[in-house]
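Hello,

Here is the structure I promised to pass on. Please have a look at it first, and then read my notes below.

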Amino acid sequence: MTDRQSRHRNAMRNLKSHVDEKVAAATEQRGLLLVFTGNGKGKTTAAWGTVTRALGYGYRAGVVQFIKGMWECGERERLADDANLSVHIMATGFTWETQNRESDTQACQAVWADAARLLSDPEVYLVVLDEITYMLKFGYLDIATVREALANRPSEQTVIVTGRNAHRELLDMADTVTEMQEVRHAFNAGVQARRGIDY
């Protein structure tokens, strides 16, 4: 065995030992608050992937889409017939297309009522609040209202929050925060979003 191979083997052994220690120390069982944020692509995609995972085990899941719900969504189309999935869509789609703050606020409040019901239902294992960060940023929802609903949700329920510029209080509450970083995006080079790949 070469010196390089020996160093690699020792490094792998140390890594395995470290991971084993972390696994042994993780004894708490409860639902989580996950935040997928950042300017990179893939936040909603990652959330839908987790929805698929939960449904695969027979758990109930709810998705509330605050912005992109009026668009085509391959994941939603594929999973729509699953009796364990409920999807709620904000009626106005992209808020910057309506240019009507009053109607956008009403639409947001209406779909938030659906979210609040999901967040209080102990039978719902996973809730996705897709693009809710924009609702907080634009002032259509109050952070105190969202924070209270998240804090008082059933202990076994996991919530995924997606969207850019996540509110600091959401970041502080979260168990896991993942920031998607954009290195390069095809759209910036004039490439259109691709059906079945981007949506």
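**Pockets and one helix**

The second largest pocket has 18 lining residues, and those nearest its centre are Arg30, Gly31, Leu32, Tyr125 and Thr158. Strand S1 (33-37), H2, strand S4 (124-130) and strand S5 (158-162) each give two or more residues to this lining, with the largest share, three residues, coming from H2. By class, the lining of this pocket has nine nonpolar, four polar and five charged residues, and the space in the pocket is about 470 Å³. Do keep in mind that this is a predicted model.

The largest pocket holds about 950 Å³ of space. Its lining is made of 33 residues, and Lys41, Lys68, Trp71, His185 and Asp198 are the closest to its centre. Helix H2 (43-56) turns up here too, as H2 and helix H3 (74-79) each supply at least two residues of the lining. The classes in this lining are 12 nonpolar, 11 polar and 10 charged.

Now to helix H5 (residues 101-119). With 19 residues at 1.5 Å a residue, H5 should span 27 Å, and its end C-alpha atoms are 26 Å apart, which agrees. Which residues of H5 are buried? They are Asp104, Ala107, Cys108, Val111, Trp112, Asp114, Ala115, Leu118 and Leu119. Down the axis of H5, these buried residues fall within an arc of 155°, so they line one face of the helix. Glu102, Gln106 and Arg117, on the other side of H5, are exposed.

Enjoy exploring it!

Best wishes

Note on methods: Residues are numbered from 1 along each chain as its sequence is written. This is a predicted model: local features need pLDDT of at least 70, side-chain atom pairs count only at pLDDT 80 or more; totals for chains, interfaces and linings use all residues. Side-chain values use heavy atoms; hydrogens and water are left out. On a 1 Å grid over the protein atoms alone, a cavity is a set of points where a 1.4 Å probe fits but cannot get out, and a pocket is an open set with protein on both sides within 12 Å along at least five of seven lines; lining residues have an atom within 4 Å of a point. Grid points are joined across faces, edges and corners, and a volume is the space filled by probe spheres set on the points. Helices (H or I, at least four residues) and strands (E, at least two) are DSSP runs, numbered from the N terminus. Ala, Val, Leu, Ile, Met, Phe, Trp, Tyr, Cys and Pro count as nonpolar, Asp, Glu, Lys and Arg as charged, and the others, Gly among them, as polar. The expected span of a helix is 1.5 Å times one less than its number of residues. Buried means under 20% relative accessible area, exposed over 50%, partly exposed in between (1.4 Å probe, protein chains only). The arc is that of the directions from the helix axis to the C-beta atoms.
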